[in-house]
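Here is a short briefing on one protein model. Have the sequence and the 3D view ready, and follow the points in turn.

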Amino acid sequence: MKLRIPNSEVQELLTDKSFEYPKYVTQIMNLANQNAQGTRPNIVGQMSDLIQEFGAGSMIEWDAWYKNGHPEAIETATDRVYRMIELLKESIQTIDKDMVRKWIEELVVVKTYCGLKFQEAILRKIAEEKQSDYRLASPEEEAEGIDGFIGNSPVSIKPITYRIMNELPEQIDVPIIYYDKKKSEIVVEYNF
């Protein structure tokens, strides 16, 4: 037999407390908290460690124990998140249909293109560094593990995680350019 217990019910079963919010409010508060970092360990403590330190006890005992050890944490977190909510309210007032259209176009057209074609940006940047030209590989060259050329030199472009995947049967006999896609940049490593 399978039993499913929704998270909201787990809370109720353990605490006899039920929390209800208007539609979309928790999504907005989560976004505000992510931006404000109101519930980071430096603000509220490392919760996984604290609950272990607390040990066994009721919800009421946990509440008292936590607030005694971190008397300012809830208020500090609340202030940080609420300030961000106020900033989000201001930002929402600036959004109009044209801005939404522009954002959708950037997401669907521009970011999709750049996200899927970033290998060309890597080739171009390295070619600029080497004062050379570049080109993408043909389908036949791709079948040989070649992603492009810097000058006349074939190269393969792989994610940084490829280095630790030694069990792959693929044999690449050309220099490999490694990349790590970060939130705000692509970090590229090469040695040729």
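**Pocket, sheet and helix pair**

Helix 6 supplies six residues to the lining of the largest pocket, the largest share of that lining. Keep in mind that this is a predicted model. The briefing takes the pocket first, then the sheet, then a pair of helices.

**The largest pocket**

- The volume of the largest pocket is about 1,100 Å³.
- Its lining is made of 28 residues. Closest to the centre are Gln11, Phe19, Tyr21, Thr39 and Ile74.
- Which elements give two or more residues to the lining? They are helix 1 (7-15), helix 2 (25-36), helix 5 and helix 6 (73-93).
- By residue type, the lining divides into 13 nonpolar, 10 polar and five charged.
- Rolling a probe the size of a water molecule over the atoms shows where empty space is left.

**The sheet as a whole**

- Five strands make up an open sheet. Their order is 1-2-3-4-5, and the pairing is mixed.
- Why is one side of strand 1 (134-136) and of strand 5 (186-189) left without a neighbour in the sheet? Both stand at the edges and each has a single partner strand, so one side of each stays free of a neighbour there.
- From one strand to the next, the twist averages 30°.
- Helix 8 (residues 118-129) packs on the sheet. This helix touches strand 1, strand 2 (148-150), strand 3 (153-159), strand 4 and strand 5. The direction of helix 8 makes about 165° with that of strand 1.

**How the strands pair**

- Strands of a sheet pair through backbone hydrogen bonds, either parallel or antiparallel.
- Strand 2 and strand 3 are antiparallel, with three bridges. One partnership sets Gly148 against Val155 in strand 3.
- Strand 2 and strand 3 also form a hairpin, with two residues between them. In the turn, Gly151 has a positive phi of about 65°.
- Do strand 3 and strand 4 run parallel or antiparallel? They run parallel, joined by four bridges.
- Ile157 has Ile177 of strand 4 as its bridge partner. Ser156 is partnered by Ile176, also in strand 4.
- Strand 4 (residues 176-181) and strand 5 run antiparallel, and four bridges join them. Tyr179 stands opposite Val188 in strand 5. Lys181 has Ile186 of strand 5 as its bridge partner.
- A hairpin links this pair too: four residues lie between strand 4 and strand 5.

**Helix 4 against helix 5**

- Helix 4 (residues 47-54) packs with helix 5 (residues 59-69) at an angle of about 115°. Their axes are 11 Å apart.
- Is the crossing left-handed or right-handed? Helix 4 passes helix 5 in a right-handed crossing.
- From helix 4, the contact uses Met47, Leu50, Ile51, Glu53 and Phe54. From helix 5, the contact uses Glu61, Trp62, Trp65 and Tyr66.
- The residues of this contact divide into seven nonpolar, no polar and two charged.
- Helix 5 also appears in the pocket section, as one of the elements that give two or more residues to the lining.

Notes: Residues are numbered from 1 along each chain as its sequence is written. This is a predicted model: local features need pLDDT of at least 70, side-chain atom pairs count only at pLDDT 80 or more; totals for chains, interfaces and linings use all residues. Side-chain values use heavy atoms; hydrogens and water are left out. Axes are lines fitted to C-alpha atoms, for helices over the stretch in contact, and angles run from 0 to 180 degrees between N-to-C directions. A crossing is left-handed if the near helix is turned anticlockwise from the far one by less than a right angle, and right-handed if clockwise. Contact means heavy atoms within 4.5 Å. Ala, Val, Leu, Ile, Met, Phe, Trp, Tyr, Cys and Pro count as nonpolar, Asp, Glu, Lys and Arg as charged, and the others, Gly among them, as polar. On a 1 Å grid over the protein atoms alone, a cavity is a set of points where a 1.4 Å probe fits but cannot get out, and a pocket is an open set with protein on both sides within 12 Å along at least five of seven lines; lining residues have an atom within 4 Å of a point. Grid points are joined across faces, edges and corners, and a volume is the space filled by probe spheres set on the points. Two strands pair if DSSP finds at least two bridges between them.
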